[in-house]
6 protein chains.
Amino acid sequence: MNKVAIKTIERADGEVIKALGKCGVATVHEAQGRSGAMEPEIRAGVPGAAIAGSAITVLCAPGDNWMLHVAIELMEPGDVLVVGTTSRSLDGFFGDILAEFVTQRGGVGAVLDTGARDIRDLREQGFPVWSRAISPQGTVKETVGAVNVPIMCGGRLVIPGDVVVADDDGVVLVPRQHAADVLDASHQRIDKEEAMRTAIKQGGKTLDLLGLREKLIEKGLRYDDGPIDWPFHRE
Amino acid sequence: MNKVAIKTIERADGEVIKALGKCGVATVHEAQGRSGAMEPEIRAGVPGAAIAGSAITVLCAPGDNWMLHVAIELMEPGDVLVVGTTSRSLDGFFGDILAEFVTQRGGVGAVLDTGARDIRDLREQGFPVWSRAISPQGTVKETVGAVNVPIMCGGRLVIPGDVVVADDDGVVLVPRQHAADVLDASHQRIDKEEAMRTAIKQGGKTLDLLGLREKLIEKGLRYDDGPIDWPFHRE
Amino acid sequence: MNKVAIKTIERADGEVIKALGKCGVATVHEAQGRSGAMEPEIRAGVPGAAIAGSAITVLCAPGDNWMLHVAIELMEPGDVLVVGTTSRSLDGFFGDILAEFVTQRGGVGAVLDTGARDIRDLREQGFPVWSRAISPQGTVKETVGAVNVPIMCGGRLVIPGDVVVADDDGVVLVPRQHAADVLDASHQRIDKEEAMRTAIKQGGKTLDLLGLREKLIEKGLRYDDGPIDWPFHRE
Amino acid sequence: MNKVAIKTIERADGEVIKALGKCGVATVHEAQGRSGAMEPEIRAGVPGAAIAGSAITVLCAPGDNWMLHVAIELMEPGDVLVVGTTSRSLDGFFGDILAEFVTQRGGVGAVLDTGARDIRDLREQGFPVWSRAISPQGTVKETVGAVNVPIMCGGRLVIPGDVVVADDDGVVLVPRQHAADVLDASHQRIDKEEAMRTAIKQGGKTLDLLGLREKLIEKGLRYDDGPIDWPFHRE
Amino acid sequence: MNKVAIKTIERADGEVIKALGKCGVATVHEAQGRSGAMEPEIRAGVPGAAIAGSAITVLCAPGDNWMLHVAIELMEPGDVLVVGTTSRSLDGFFGDILAEFVTQRGGVGAVLDTGARDIRDLREQGFPVWSRAISPQGTVKETVGAVNVPIMCGGRLVIPGDVVVADDDGVVLVPRQHAADVLDASHQRIDKEEAMRTAIKQGGKTLDLLGLREKLIEKGLRYDDGPIDWPFHRE
Amino acid sequence: MNKVAIKTIERADGEVIKALGKCGVATVHEAQGRSGAMEPEIRAGVPGAAIAGSAITVLCAPGDNWMLHVAIELMEPGDVLVVGTTSRSLDGFFGDILAEFVTQRGGVGAVLDTGARDIRDLREQGFPVWSRAISPQGTVKETVGAVNVPIMCGGRLVIPGDVVVADDDGVVLVPRQHAADVLDASHQRIDKEEAMRTAIKQGGKTLDLLGLREKLIEKGLRYDDGPIDWPFHRE
């Protein structure tokens, strides 16, 4: 492991980042071609929270959160702390003291491939965190890792400066170079979904709205009037 | 896979279904002989929701939600969408647009052996969903499946028209032919539990109330006054 | 399995137990040298609840909750029911009737290596429960187990009379003989954390506050001004 | 749970069953339209074994193997014992004594949704077993279940008399009424695969052999000469 | 964590230990009342190996195998290295170099709550290892732990000097003070099983041999001649 | 998803690749600074196999192996097929027909983030495969993916042309640009380990050989003569 802390990173445009946050995770994920979503095991610890920010990345040894302290002092307003480990660890790497520190730096949240703790305090502070577990298990400060290098988190590669969008659905990453394009695509998708929602309310059917009714039949779907008298014997 | 959509299904009596919903999952499961409960991995995505309805079943390829669109237009008021896949998939098969569509059809909820998404919107809309995961991961519309055929969901066989009862405890299935009997048994159980609750409040003990005190001793339980000075050395 | 129910146990001092409950799980775990935390799979079923009490332990066969009835009548005010099984079981061992019974005995909560059910009722009653799962699956009363013997729960050995502290972070155990010392250490830690929080709010940095800045460099951390033009090509 | 043991079952033709066994799990699964495969967690405990037989089904309480004794005495030559539980259990339900008993009855193997034990003896005896786990954990004989009723095993519904085909790939079920047709389809598939294997050895390419080359381009695949100088910076 | 290495431990009688090893895991587990078995996730890395020895215990930080080096030099002939961690870690804590070192000390095997590596070398050397995973992931030597203190491994408390019996079924622990009694009980069980095996070969049925036929009927089992024409419609 | 198949890739030197294969996974992983190891869930399907080759990468939809056919015809002698999916899938993407095809192209093995099947045939052919599961479940050919783009497999980013080293310990990736350096470091490590093995055989102790004895004491390890009379009361 390269023991390095990179002090500065490139970021996407702040207005674009904020706008992506408003679009939400599912929309942004679809808008960039159904890519970039972290695994569903990375869950929202603070229900209802929704953020977007630039990734400050941290690579730690399992059970060792030392590098988070190094990383947080390099955060700038609007950043999100993103933490990976060299091998799987569910310990409580992040709690209310570090949340306080991130807040002082202007950071907007944390995404952890590990556990988080002090979860009630975080909920009360409204400090949003996404993690693989909630665990009181404490960590040591013995092994040096790295800050602002590419890491693995939630089954994805995270590059420092990636736009992190997170809400109750989970977390999606947008490469900063694509942020503006993905925002445009997200807005288009929102418009399309809004139109679809309206059409549905007016009695429209999604197969017609999506133009998929004929393709269904071409691919072999057959309708049967039914009902069928399915047997119900079961254990 | 049989590429078929059965247009109509048989349903249990609507009043019986509603009444089962009021009994709750744990009671109904006990009342039909401790059977029919889905695996605990199928969790409530909208805490506090409690429903009952007739199962409209959908069988999909993993990562492909096309058949949901076919199924929803066959739903009738009071139905529940129940989704299985030919092999395990945690992707986000169901979100707010489809929830809108189900609502338009008069459907009352969705149970998915997959992931759900737009979970915050679903919570705000009060649209109840039970699923194996919450995931923003989008799906394709490439492979034709089936609607209203028997499927596996939550480790159980689901027959179209099964009564689906779901709340914070999870999901239980009642064969429509048994619905009225299970409702009777549920009401008896509720009365029995109410009596037990009252007896407990008055100082009753459950072993006496259940008539299990003697059987305990017959089976070999021995009481020891204690206390025992257990050692406390531990890692 | 030794078929025995020990009627009485030794307990820690009641005031100490209450005070530990106020300190919270993460603090107590740290204060006793980062030990005693149950596995993160043992989750809070009633968000926001926080308790401490003396462990009344129960050892059951999988899928069989008979011994809980024996244990609860041996509970005293301030006790916590702690349930283990001879092999893994996620069934719903504990629900609202037993919660009523525990409450009548003055008990303050339940921690289960199994599933819990009637979870909405428990939330409404404000009866706190921690469990490995939520499941409606019912249990039988066929196999005699033991009460107030050492058991495994949440990956930990639990001795009857252990102080159980539980909140949204999970569950930690304190040997009753250590309770007073761990409370002192917890209070010291709270003071230290409060001071740290204040220092952070005033612009302090955690590496300085913890005296870890130099050790970082000794262990080989190197700072690089950056930024680095990381490539963004990804799937 | 219906406490019943059905003494006799309908079976598929013996020659057809044997022939299905020779086709192998993957082929049979494909031949019946990619259906009937148990979950991959059901693993072969005796590598290299390959069997087919008629399912004698057993439904047990978790941690209780009593019904296996009832079921085995109802087995006939060529049968396979298939075991499910009312809720998940990984205990060692089946070992060398029961294997001896199955062998005496002429049975050809066992498939368990639970654990198996005495695995070295089973390997030495050449008695084939498929199970969710290998575990020494013993079971009790307290709760009555059922024999030769539909059960869940490996995530599938198993009907008594289903043809069970099992090898190193896992387990697949064929409804006895379909056995002859599935055998025909399996033989066709084997011929087709053999032809394909030969064509490949002669330099054929699978996209041509399957007629899928044009469809690829229609669906949008684009070839790029490359190479691309992918960055290699990684954690 | 108490940073201590206890140099000497008490052991059970060497002949008793060897004899327990010959009885095998499943038998010993049954003989001591179905207790002491580690979780089934602790698997044999070297198929066919079967050992028994005295536990030299090691407590490590996750991802840190330093204490193994301390422990092995305290091993004596006939000992087994048993490794736990303060929180879950699947890294490769143990490989061929340490196996060499254990062998030099006269040790007979290793049981790890973590991963093992160099698994092919271990198979070739015939050095038996049981572990939660096989993983090449290396570990650090930064955090001091403890040797010969009680630890958790495989979901069980392990006391230094416990008799560890391990084979293809997994691992079981016998308190050294019980070793002779458990051996006697194991021999009785072997005799009983041998008699049962013989009786089965002669046509005996296990329900008769175990005297459980009447109890079945008392508990409500009902026989039905069958066959039943179960429906076969399935997805 | 970018629907593209890159026809050519850059590779490391063939002799270097072969030599890395001889070093083995654990050594190579250590030699490149304990990085690049896939998750332990990626297991060897053919015990004893050990390979190294250049990664031909494939990105598929879940349950859809179409792109493997595109990828294999682009393989060159010495290549390894490495397969990822856009979301988790354990289906049997790879079996004996494709193994035949890879062999015809001169490929040396396959690493799959999915399931493999026909595992007995693969073992007989000696065709090495590493996968997350073994499953007969078949796949479709409906969705176009990509070939020779960066993918995720086994929790790691894989770049086309990466050197893949795989054996019974699992899989490790070496960026092709680092291959020669990592080979040098691997050879140094092998020499060092050989020296250590010799020293151990001559009675050396690893703490001395690694120079870690003093650091242990500095970090607070304390020796205690023992023995301690640990209590043995346990469930």
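The questions and answers below concern a predicted model, and they go from the contact between two chains to a helix and a strand of chain B.

Me: How many residues do chain A and chain C each bring to their contact, and how much area do they bury between them?
Reply: Chain A gives 52 residues to the contact and chain C gives 47 residues. Of the area that the two chains bury between them, 57% is on carbon and sulfur atoms. The buried area comes to about 4300 Å².

Me: Which three residues supply more than any other three of the area that chain A buries against chain C?
Reply: The three residues in question supply 14% of the area that chain A buries against chain C. They are Trp66(A), Ile97(A) and Pro136(A).

Me: Which element of chain A gives the most residues to the side that touches chain C?
Reply: Several elements of chain A each supply at least two residues of that side, among them β1 (4–6), α3 (66–72) and β7 (129–134). The residues of this side of chain A divide into 23 nonpolar, 13 polar and 16 charged. With 5 residues, the element that gives the most is α4(A).

Me: What is the distance between the closest N and O atoms in the salt bridge of Glu30(C) and Arg117(A)?
Reply: Between chain A and chain C the count is 8 salt bridges. One of the pairs that form a salt bridge is Glu30(C) with Arg117(A), and their closest N and O atoms are apart by 2.8 Å.

Me: Which residue of β13(C) stands opposite Val4(A)?
Reply: Strand β1(A) is joined by 3 bridges to strand β13 (residues 222–224) of chain C, and the two run parallel. Within β13(C), the residue that stands opposite Val4(A) is Arg222(C).

Me: Which residue caps the N-terminal end of α1(B)?
Reply: Helix α1 (residues 14–23) of chain B has buried residues that include Val16(B), Ile17(B) and Leu20(B), and the buried residues of α1(B) pack against α2 (25–31), β3 (51–60), β11 (163–167) and α6 (179–201) of chain B. At the N-terminal end, a side-chain oxygen of the capping residue lies 3.0 Å from the backbone nitrogen of Glu15(B), and the residue that caps is Asp13(B).

Me: Why is strand β4 of chain B largely enclosed by the rest of the structure, and which residue of this strand is the bridge partner of Ile56(B)?
Reply: Strand β4 (residues 79–85) of chain B is largely enclosed because 7 of its 7 residues are buried. Both faces are covered, with Asp79(B) among the buried residues on one side and Val80(B) among those on the other. Strands β3(B) and β4(B) run parallel and are joined by 7 bridges, and in β4(B) the bridge partner of Ile56(B) is Leu81(B).

Key:
Residues are numbered from 1 along each chain as its sequence is written. Chains are lettered from A and ligands numbered from 1 in the order in which they are written. This is a predicted model: local features need pLDDT of at least 70, side-chain atom pairs count only at pLDDT 80 or more; totals for chains, interfaces and linings use all residues. Side-chain values use heavy atoms; hydrogens and water are left out. Contact means heavy atoms within 4.5 Å. Buried area is the accessible area (1.4 Å probe) that two parts lose on being put together, summed over both. A salt bridge is a side-chain nitrogen of Lys or Arg within 4 Å of a carboxyl oxygen of Asp or Glu. Helices (H or I, at least four residues) and strands (E, at least two) are DSSP runs, numbered from the N terminus. Ala, Val, Leu, Ile, Met, Phe, Trp, Tyr, Cys and Pro count as nonpolar, Asp, Glu, Lys and Arg as charged, and the others, Gly among them, as polar. Two strands pair if DSSP finds at least two bridges between them. Buried means under 20% relative accessible area, exposed over 50%, partly exposed in between (1.4 Å probe, protein chains only). A polar contact is a pair of N or O atoms within 3.5 Å; within protein, one must be able to donate a hydrogen and the other to accept it, and residues adjacent in sequence count only if both atoms are side-chain atoms.
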